[in-house]
Amino acid sequence: MKKTIIIYESVHHKNTEKVVNYISKQLPIEVCKLQDTSNLDLKEFDLIILASGIYYNKLHKRILEWLESADISNKEIGILYTCGFRYMDFSKKTSKYIVDKGGKYIGNCWCRGYDTYGLLAKIGGIAKGHPNNQDLNNIKTQIESWMV
């Protein structure tokens, strides 16, 4: 099994943090909040999972900023994200950037997350009750397959 770390950013409703906490209790994975990565040595990990909510159709900008300075050469990297509604692959630009920096992009997994951003607040938000148990188990299964 690959030594794995999830590096994440979770802001509004902590949807991504809920997923990350669940996964880290189910699988042998280390977890690191993005703000705590300054002394992180990526050399000890075989697989890096970047996790974020979606903000303006992409991963949180601090994930992208971290990627700019991180040495991800020859590292397997997967992306996990939560979003209120998925109408496109929100990881597409980030996955291209990973490959351009010499990383090995292995795919993405996602689930819905409660979203009340902007006008959605006026209608009470979307994806209430998400991520739910089925969402959590689906993501766990996907990440497990990456770790083999």
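A salt bridge here is a side-chain nitrogen of Lys or Arg within 4 Å of a carboxyl oxygen of Asp or Glu. By that rule, the count comes to 8 salt bridges. One thing to keep in mind while reading on: this is a predicted model.

## Charged pairs

Let's take the salt bridges one by one, starting with Glu-9 and Arg-62, whose closest N and O atoms sit 3.3 Å apart. This pair ties together distant parts of the chain: Glu-9 belongs to strand S1 (residues 4-9) and Arg-62 to helix H2 (residues 61-69), with their positions 53 residues apart. The two partners also differ in how much surface they show. Glu-9 counts as buried because its relative accessibility, 9%, is under 20%. Arg-62, at 40%, lands between the 20% and 50% cut-offs, so this residue counts as partly exposed.

Next comes a bridge between the side chains of Asp-89 and Arg-86, with an N to O distance of 3.9 Å. Both ends get the partly exposed label: Asp-89 has a relative accessible area of 29%, and Arg-86 has 30%.

Then there's Lys-96 with Asp-100, where the closest N and O atoms are 2.9 Å apart. Here both residues lie in helix H3 (residues 92-100), 4 residues apart, or about one turn of the helix. Lys-96 is exposed at 53%, and Asp-100 is exposed too, at 54%.

Here are those three pairs side by side:

| Pair | Closest N to O distance |
|---|---|
| Glu-9 and Arg-62 | 3.3 Å |
| Asp-89 and Arg-86 | 3.9 Å |
| Lys-96 and Asp-100 | 2.9 Å |

Salt bridges also join up into a network, which links Lys-3, Glu-30 and Glu-44.

## Back to Arg-62

What does Arg-62 touch, leaving out residues up to four places away in sequence? The list is Glu-9, Val-11 and Leu-34. Glu-9 is the salt-bridge partner already described. For Leu-34, the C-alpha atom is 7.7 Å from that of Arg-62, although the two residues are 28 apart along the chain. So from its place in helix H2, Arg-62 has contacts with residues well away in sequence, including Glu-9 at 53 residues.

## How the helices pack

Two helix pairs are worth a look. In the first, helix H1 (residues 15-26) packs against H4 (residues 133-147). Their axes are 10 Å apart, at an angle of about 55°. That angle falls between the under-35 range for roughly parallel and the 65 to 115 range for roughly perpendicular, so H1 and H4 are oblique to each other. H1 passes H4 in a right-handed crossing.

Which residues meet where H1 and H4 touch? On the H1 side they are Lys-18, Val-19, Tyr-22, Ile-23 and Gln-26, and on the H4 side Leu-136, Asn-137, Ile-139, Lys-140 and Ile-143. Sorted by class, this contact has 6 nonpolar, 2 polar and 2 charged residues.

The second pair is H2 and H3, with axes 11 Å apart and an angle of about 10°. Since that is under 35 degrees, H2 counts as roughly parallel to H3. Leu-64, Leu-67 and Glu-68 from H2 meet Thr-94, Tyr-97 and Ile-98 from H3. By class, that contact has 4 nonpolar, 1 polar and 1 charged residues.

## Backbone oddities

Some backbone spots deserve a check if you're scanning torsions. Most residues other than glycine have a negative phi, and most peptide bonds are trans.

Where does Tyr-56 sit? This residue is in the loop between strand S3 (47-55) and strand S4 (58-59). Its phi is near 55°, a positive value in a residue other than glycine. With 63% relative accessibility, over the 50% cut-off, Tyr-56 counts as exposed.

Asn-74 likewise has a positive phi, near 60°. Its place is the loop between H2 and strand S5 (76-83). Asn-74 is exposed as well, with a relative accessible area of 58%.

Finally, the peptide bond joining His-130 and Pro-131 is cis, with omega about -5°. Pro-131 lies in the loop between strand S6 (104-112) and helix H4 (133-147).

How values were computed. Residues are numbered from 1 along each chain as its sequence is written. This is a predicted model: local features need pLDDT of at least 70, side-chain atom pairs count only at pLDDT 80 or more; totals for chains, interfaces and linings use all residues. Side-chain values use heavy atoms; hydrogens and water are left out. Buried means under 20% relative accessible area, exposed over 50%, partly exposed in between (1.4 Å probe, protein chains only). Axes are lines fitted to C-alpha atoms, for helices over the stretch in contact, and angles run from 0 to 180 degrees between N-to-C directions. Angles under 35 degrees count as roughly parallel, over 145 as roughly antiparallel, 65 to 115 as roughly perpendicular and the rest as oblique. A crossing is left-handed if the near helix is turned anticlockwise from the far one by less than a right angle, and right-handed if clockwise. Contact means heavy atoms within 4.5 Å. Ala, Val, Leu, Ile, Met, Phe, Trp, Tyr, Cys and Pro count as nonpolar, Asp, Glu, Lys and Arg as charged, and the others, Gly among them, as polar.
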